[in-house]
Amino acid sequence: MSDDLKARIYAILRAMTPPDGKADMVTRGLVSDIFIADGKAFFSLTVPAEDAQRFEPFCREIETKVATLDGVSKAMVALTAEKVAGIPAPRHSAPQSSHKAKDRPSTVRRSGPARAGIPGIERIVAVASGKGGVGKSTTAVNFALGLVAAGLKVGLLDADVYGPSIPRLLGLRDKPRAAGARTIRPLEAYGLKAMSMGLMVDEDTPMIWRGPMVMSALTQMLREVEWGELDMLVVDMPPGTGDAQLTMAQQVPLAGAVIVSTPQDLALIDARKGLAMFQKVDVPVLGIVENMSYFVAPDTGKRYDIFGHGGAKAEAARLGVPFLGEVPIEMAIRESSDAGRPVVASDPEGPHAAVYRAIADKVLAGLDGGAAASRAPRIVFD
Ligand SMILES: Nc1ncnc2c1ncn2[C@@H]1O[C@H](COP(=O)(O)OP(=O)(O)OP(=O)(O)O)[C@@H](O)[C@H]1O
C-alpha cells in the first residue's frame, strides 16, 4: 500500500520541472526516502544552498499535488541544502564579553539575521552521546534550563525518534497544535519552548521506518515550528554515531556539540566516536560532560567515585576539548526527571542545578570565545 503510494508520489515528482529548468528531481537523485505515516507523507529535496529560496514555491506546489492523492491527507516537503565539500556551513562567531549568569543583560539576544541559517534562531547546539542510556536527554533538558537561567531564550528539540524522552522529562502531555497553515506551535514548559519528534510520530510506526524520516522531519521541525526568536536551540540528538547521526550533524547548521558520557571506559570509547563524528563534519565540539560521575552518600555526605570517576576529564584533556563538568549520580536528578520536573527548574537553588548552570555558562563562554580565538590571535590586557 505505502509502496504504491510512494510510486505515485515519485511519478508526480518526475512530471514536474524544477525551477532551475534541469531534469526532474527524482532522475537527479535529489529526493530522500519518502516516509508515510498516519496519512502524512514526508520527504526532503536536496538543492544547492544558493538555490534554496527559488525552490520554496516548488516545494509548496509539490505538497499541494501530493496531498491530492488518495491516501495522503498532508504532504510535508523539506528543502535540505547541498553542502559543497570544504565549505563549512555559516557559523556563529560573534565574540562576546565573559558571561555571568546573574548579570547577563537582557540584550544578549543579538538582533539582525540569524547566522545559523534558521530565521530567528541565533545558534543551534547539539547534545549527543556515543551510546544510549548515559543520561543525554536529562543533561540536554537541564542544560537548556541552565541557559534559560542565564537569561537566554531557549528552545529544545528532541530529535531522538527512537526513544523520545523530552515530553516525559518536561511533563508535556499535549500534542502540539497547528499555528498557521503550515506551522506548528511549540509546547512550553519552565520557560523553555520544546518540540519532540516523538510527538509527531505515530506510536505504532515501526522503528525501522523511523530512520529515513529523521532527516526530512528534522528539517521540518527546524523550519516549520514557530520557534520565534531564540538565542539558542538545543537539539537532543539520537544516541550513537551511525549514518543517521552523521547526516544530521552534517545537515543541521550546528554552532557546536556537547558530548555526554559516563565515566565507564566503554562509554568513553563511544564518546570518542561521537567526538570524531562531529570533527569529521567540521562541527566544533564544545566539550564533554561526565554524567553519573560520582555518588554522595545522603547520610554522611561522603563522595564515592563508584565508576572510577575522572575518565572524561582526562580524556577531554587528551583530546584537547573543554571539560564542561561532572554531574553526580543522584536520586533527586532521576526522580525529578521522571516526574517531569527537571532539577534545574524544581530546585533552582540546589547543588545539582548549580552544576548544570555552570555547564551552560561554560558552553556559552566557549561559543563566544572559541570562534573568535580561532580567527585571530587574542591580545589580552590584564
Ligand atoms: N545524573 C543522574 N543521576 C541519576 N539518574 C540519572 C542521571 N542522569 C540520568 N539519569 C537517569 O538515567 C536514565 C537515562 O537517562 P536519559 O533518558 O537522560 O538517558 P539517554 O542517554 O538520553 O537515554 P536514551 O539513549 O535512552 O535516550 C533516566 O532514568 C534518568 O533519570
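## A look at the predicted model, from Leu13 to the ligand shell

Let's begin with Leu13, which is found in helix α1; helices (H or I, at least four residues) and strands (E, at least two) are DSSP runs, numbered from the N terminus. This is a predicted model, where local features need pLDDT of at least 70, side-chain atom pairs count only at pLDDT 80 or more, and totals for chains, interfaces and linings use all residues. Residue numbers start from 1 along each chain as its sequence is written.

**Around Leu13 and Thr27**

Leu13 has 22 other C-beta atoms within 10 Å, so it is buried. The cut-offs are these: buried takes 20 or more other C-beta atoms within 10 Å of the residue's own, exposed takes 12 or fewer, and partly exposed is in between, with C-beta atoms placed from the backbone. Setting aside neighbours within four places in sequence, Leu13 is in contact with Asp24, Met25, Val26, Val31 and Ile62. Contact here asks for C-beta atoms, placed from the backbone, within 7 Å. One of those partners, Asp24, is eleven residues from Leu13 along the chain, and their C-alpha atoms are separated by 6.9 Å.

Thr27 sits in the loop between α1 (2-14) and β1 (35-37). Thr27 counts as exposed because it has 11 C-beta neighbours inside 10 Å. From Thr27 to Tyr10 there are 17 residues in sequence, and 9.8 Å in space, C-alpha to C-alpha.

**The overall build**

The protein has twelve helices and 13 strands. Of its 382 residues, 45% are buried. If you take contacts between residues at least 6 apart in sequence, 75% of them join residues at least 24 apart.

In soluble globular proteins, nonpolar side chains tend to be buried together. A nonpolar core here is a set of buried Ala, Val, Leu, Ile, Met, Phe, Trp, Tyr and Cys residues joined through C-beta atoms within 7 Å. The largest nonpolar core has 76 residues, and Val125, Ala144, Val234, Ala257 and Val258 have the most contacts inside it. Apart from that core lies another one, of 20 residues, with Ile9, Val31, Phe35 and Phe55 among them. Back in the largest core, Val125 touches Met232, Val234, Leu254, Ala255, Gly256, Ala257, Val258, Leu286 and Val363, if residues up to four places away in sequence are not counted.

**The ligand shell and α3**

There are 21 residues around the ligand, and Gly132, Gly135, Lys136, Ser137 and Thr138 come nearest. A residue is near a molecule if its C-beta atom, placed from the backbone, lies within 6 Å of it. Two elements give two or more residues to this shell, α3 (136-149) and α10 (331-338). The largest share, four residues, comes from α10.

By class, the shell has six nonpolar, ten polar and five charged residues. Ala, Val, Leu, Ile, Met, Phe, Trp, Tyr, Cys and Pro count as nonpolar, Asp, Glu, Lys and Arg as charged, and the others, Gly among them, as polar.

Helix α3 has 14 residues and reaches 20 Å from its first C-alpha to its last, close to the 20 Å expected at 1.5 Å a residue; that expected span is 1.5 Å times one less than the number of residues. Since 14 of the 14 residues of α3 are buried, the helix is largely enclosed by the rest of the structure. After α3 comes Gly151, with a positive phi near 95°.

The unreviewed UniProt entry lists Gly130, Lys131, Gly132, Gly133, Val134, Gly135, Lys136 and Ser137 under "binding site". Those positions are in the numbering used here, feature names are shortened, and annotations may be inferred rather than shown by experiment. Two of the listed residues are worth a look. Gly133 is placed in the loop between β4 (121-128) and α3, and it counts as exposed with 12 C-beta neighbours inside 10 Å. Lys136 is in helix α3 and counts as buried with 27 C-beta neighbours inside 10 Å. Not counting residues up to four places away in sequence, Lys136 touches Val127, Ala128, Ser129, Asp236, Pro239 and Val260.

**Two positive phi values**

Asp282 and Met292 each have a positive phi in a residue other than glycine.

| Residue and phi | Loop | C-beta neighbours inside 10 Å |
|---|---|---|
| Asp282, near 65° | between α8 (265-280) and β10 (285-290) | 15, partly exposed |
| Met292, near 55° | between β10 and β11 (295-296) | 25, buried |

Note on methods:
Contact = placed C-beta atoms within 7 Å.
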